[in-house]
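Student: I would like a close look at one part of this protein, followed by an account of how the parts around it fit together. Please take it slowly, and keep to what can be read from the model.

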Amino acid sequence: MVKELDELQEYFDLEKALEYFQNRKLQKWLENTYNDDILEELEELTGDEDDFIERFTEALGVESQTVQLDVKEILDKAHLKEKLKRSFTEEEVEKMVESSADSQEKLEKLIEDGKKKIYLLDGTYKISRNVKNIEFIGVGDSKVEIEEKDGHRFLEQGLQFSGISPADEESDKMMALNARSIFQNFLKLLELSLERI
């Protein structure tokens with residue numbers, strides 16, 4: 001928590017500053033602290049510029065950072081955090097952000113990275129036949145389109161869904177089949193447990 005520009009410069013944290021730039025808290029703070037000249041310079045930046053870090057740090061009056069950061073990744077993560085904060089606490093958001101997707105591209109990256117629990121934020125996502133043993137949790141209005149149309153093969157994928165709607169009739173059938181299968185497995189486990197008592 002800094003009150004003056006010189007404090008911001010003294011305790012500057014590039015990653016945090018980028019997060020605040022993305023969610024516009026930095027711009028609001030600059031406006032409230034009457035640093036309009038800096039605000040104007042930052043308003044010209046999108047984050048896509050080749051020299052973004054240099055221009056960003058120069059505008060804020062801090063030494064240009066020599067550390068290599070993936071600016072796009074940091075800004076994307078900050079954007080995801082803002083979306084998650086609408087439904088979850090700060091602590092929950094920190095745990096969830098690394099496993100959250102708000103686009104098909106991000107979903108595929110999380111699957112490729114081997115995530116076993118994935119949060120899908122507002123949107124429609126395609127779940128391909130080769131996806132196995134993942135739990136999908138919807139945040140907001142999330143829908144899935146399931147590529148596999150054969151019920152037996154779909155069940156072999158070992159997927160779980162909660163808080164997610166089907167995007168079409170075929171996906172609805174697969175998800176209903178999946179829910180019945182999970183419930184039947186639960187009943188079998190319950191029976192086994194009761195037999196042991």
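Which residues are buried in helix H3 (residues 25-32)?

Tutor: Please keep in mind throughout that this is a predicted model. In helix H3, which runs over residues 25-32, the buried residues are Leu26, Gln27, Trp29 and Leu30. When one looks down the axis of H3, these buried residues fall within an arc of 160 degrees, so they line one face of the helix. That set of buried residues packs against four other helices, namely H1 (5-10), H2 (14-22), H4 (36-43) and H5 (52-60). Just after H3, the backbone at Tyr34 adopts a positive phi of about 60 degrees.

Two of the helices against which H3 packs, H2 and H5, are also joined by an aromatic pair, with Phe21 in helix H2 and Phe56 in helix H5. A pair of aromatic rings is described by the distance of the centres and the angle of the planes. The structure holds five aromatic pairs; for Phe21 and Phe56 the ring centres are 5.5 Å apart and the planes stand at 75 degrees, so this pair is edge-to-face. The two residues are 35 residues apart, and the pair therefore links distant parts of the chain. Phe21 counts as buried because its relative accessibility is 7%, and Phe56 counts as buried because its relative accessibility is 0%.

Phe56 has a further partner in Phe52, and here the rings are stacked, with 5.4 Å from centre to centre and 20 degrees between the planes. Both Phe52 and Phe56 belong to helix H5, where they sit four residues apart, or about one turn of the helix. Phe52, like Phe56, is buried, and ring pairs link Phe21, Phe52 and Phe56 into a cluster.

Helix H2 also contains Glu19, which counts as buried because its relative accessibility is 10%. The side chain of Glu19 is joined to that of Lys81 by a polar contact of 3.2 Å, and, if residues up to four places away in sequence are not counted, Glu19 touches Ile74, Ala78 and Lys81. Ile74, Ala78 and Lys81 are among the buried residues of helix H6, as are Val71, Leu75, Leu80, Lys83 and Leu84. Helix H6 itself has 14 residues and reaches 20 Å from its first C-alpha to its last, which is close to the 20 Å expected at 1.5 Å a residue.

From helix H6 the description can be carried on to the largest nonpolar core, which has 27 residues, and in which Leu107, Leu120, Ile127, Phe136, Val144, Leu159 and Phe161 touch the most other members. The elements that give two or more residues to this core are H6 (71-84), helix H7 (90-96), helix H8 (104-112), strand S2 (117-127), strand S3 (135-146) and helix H10 (169-196). Strand S2 supplies the largest share, six residues. Leaving aside neighbours within four places in sequence, Ile127 is in contact with Leu107, Phe136, Val144, Glu145, Ile146, Glu147, Leu159 and Phe161. A second core of 23 residues is separate from this one, and its members include Leu5, Ile38, Leu42 and Leu60.

Terms used: Residues are numbered from 1 along each chain as its sequence is written. This is a predicted model: local features need pLDDT of at least 70, side-chain atom pairs count only at pLDDT 80 or more; totals for chains, interfaces and linings use all residues. Side-chain values use heavy atoms; hydrogens and water are left out. Buried means under 20% relative accessible area, exposed over 50%, partly exposed in between (1.4 Å probe, protein chains only). The arc is that of the directions from the helix axis to the C-beta atoms. Contact means heavy atoms within 4.5 Å. A nonpolar core is a set of buried Ala, Val, Leu, Ile, Met, Phe, Trp, Tyr and Cys residues joined through side-chain atoms within 4.5 Å. Rings of Phe, Tyr and Trp (its six-membered ring) pair if their centres lie within 6.5 Å; planes under 30 degrees apart count as stacked, over 60 as edge-to-face and the rest as tilted. The expected span of a helix is 1.5 Å times one less than its number of residues. A polar contact is a pair of N or O atoms within 3.5 Å; within protein, one must be able to donate a hydrogen and the other to accept it, and residues adjacent in sequence count only if both atoms are side-chain atoms.
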